[in-house]
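Work through the following exercises with the sequence and the model open beside you. Each task is followed by a solution that proceeds step by step.

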Amino acid sequence: MRRLLIGYDIGSSSVKATLLDADSGKVVASEGLPKIEMTIDAPQKDWAEQDPMMWWKYIVETTQAIVKNGHIQKGELKAIGISYQMHGLVLVDKNQEVIRPSIIWCDSRAVEIGNKAFQELGADFCLPHLLNSPGNFTASKLKWVKENEPEKYARIHKAMLPGDFVAMQLTGEILTSETGLSEGIFWDFKANGLSQNLLDHYGIDASILAKAVPSFSEQGKVTEKVAALLGIEAGVPVTYRSGDQPNNAFSLNVLEEGELATTAGTSGTVYGVSTQAVYDPKSRVNTFVHVNHRQENPRYGVLLCVNGTGILNSWLKKILGGESISYEEMNVLALEVPVGAEGLNFIPFGNGAERIMENKGLGAHLSGLNLLKHDKRHVLRAGQEGIVSALTYGFNIMKEMGMNMKTVKAGRANMFLSPLFRQAFINMNQVSLELYDTDGAQGAARGAGIGAGIYASPKEAFGGLEKLASLDPEPKLVAQYAEVYANWLSALEKVRS
């Protein structure tokens, strides 16, 4: 009999479910929905919301698909793991009904609330205790609801993160994790518990926050009603949960000091592991609890995030014809023009406030346009080079924090499918890049295996992880991309001035 694991990855663009054979480490079945991107609602400027029940709809449909395609037999499914879009706020009442749409990660409405809290609590408290400014994170979003929607706030039974909501739908249990509380800026690293100072400052009662459990642990069992809906057996345990960026790092077996992972989906990230509670004084790069953190053996995840990454490429696809052009065709067109796009620059910050820009919403900007020279090929190339330049800006902040930035791991997915993007990333940052055949849903499934005790260690869990390629910088291209980055910085300074 097979031992099977399900991993879910709840993003802002899609939901993916993967069925993994625990013994071979190979994917049995996988499904991602919707086939076009999920809707992000923007009722006002700089807002970004999604209906949590939309995520649940796609959890149901993707599960039904992998159960059918994977031919799951009775007794084979052993555990479920959940990865989710970070920093979102989901509110439910006593009946576990959603009170309002989720305020998701790229929503900017709480920026000023977080900035004010940083000033009033003081950097001397926030940085050593929270490792971050309260910024535009979940705690500040909850404070926004308290200030602006008091009737809805009064109905709150629990405030949670997107993955906590999905786990609640599966099991009926409302729980979270230490890494989740840290990503919401509810966690005091010195006290190793909830930050009562921040909660008092915001006037938030700790009772509306879910109890924290380890990322790898039994966190409830699928109810009979839900099991019948999904087509699986009741009682299957949920044994892993993590925000998408810690999970993406985990998916690549990035668990120890100095190891690095990168992703380039809707947002772009670099995530490094440290044994020290390091922080950026300006909170442009953020530190959270990593999935394998223990007080006696600490592991911190240092996250660089650029909101305007794949969403810029998606926008370019829409204006160039949508379904009539593929991302592969866009990549081919972009390669037809030289490095530097003949002087065209793209500032990609068009998806809300950017942390690396100190929570400023600078917007997206195309500069250096020559109507006699540039065409869509140049715009496509400038878009990809602009995204990499923004990541490089954050990459350099991480270097200043003392992070070891030599080799980075990535899944061969999203923008890392583009040869141009890979080339620009490697040479602009002067790093080696290792590409693996994995994604967040696979990582969540492996995490479930550890949490359920099927794997004794991460080494066992990653036995089936396949390295696809190792790519190194080329001296000639390093020089060319250094010039691209210098030109991009000049364009950025004009936008900021």
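**Exercise 1.** Decide whether Ile185 is buried or exposed, and state what sets its backbone apart.

*Solution.* Ile185 has a relative accessibility of 1% and therefore counts as buried, where buried means under 20% relative accessible area, exposed over 50% and partly exposed in between, with a 1.4 Å probe and protein chains only. Next, locate the residue: Ile185 sits in the loop between helix H7 (178-183) and strand E10 (187-188), helices (H or I, at least four residues) and strands (E, at least two) being DSSP runs numbered from the N terminus. Finally, although Ile185 is not a glycine, its phi is positive, at about 65°. Most residues other than glycine have a negative phi.

The model is predicted, so local features need pLDDT of at least 70 and side-chain atom pairs count only at pLDDT 80 or more, while totals for chains, interfaces and linings use all residues. Residues are numbered from 1 along each chain as its sequence is written, and side-chain values use heavy atoms, with hydrogens and water left out.

**Exercise 2.** Find where Asn414 lies and work out whether it is buried or exposed.

*Solution.* Asn414 belongs to the loop between strand E20 (407-411) and H14. Asn414 also has a positive phi, about 50°, without being a glycine. Its relative accessibility of 52% makes Asn414 count as exposed.

**Exercise 3.** Describe the surroundings of Asp280.

*Solution.* Begin with the position, which is the loop between strand E15 (268-274) and strand E16 (286-289). Asp280, at 2% relative accessibility, counts as buried. Leaving aside residues up to four places away in sequence, Asp280 touches Leu127, Val285, Ile397 and Met401, contact meaning heavy atoms within 4.5 Å. A polar atom of the Asp280 side chain also lies 2.7 Å from the backbone nitrogen of Arg284.

**Exercise 4.** Give the strand order of the open sheet of five strands and identify the strands at its edges.

*Solution.* The order is E3-E2-E1-E5-E13, with mixed pairing, and two strands pair if DSSP finds at least two bridges between them. Strand E3 (27-33) and strand E13 (238-243) are at the edges, because each has a single partner strand and so leaves one side without a neighbour in the sheet. Strand E5 (residues 77-84) runs parallel to E13 and is joined to it by five bridges, and Ile82 has Arg241 in E13 as its bridge partner.

**Exercise 5.** Which kind of peptide bond joins Leu33 and Pro34?

*Solution.* The bond is cis, with omega about -5°. Pro34 lies in the loop between E3 and strand E4 (49-50). Most peptide bonds are trans.

Note on methods. A polar contact is a pair of N or O atoms within 3.5 Å; within protein, one must be able to donate a hydrogen and the other to accept it, and residues adjacent in sequence count only if both atoms are side-chain atoms.
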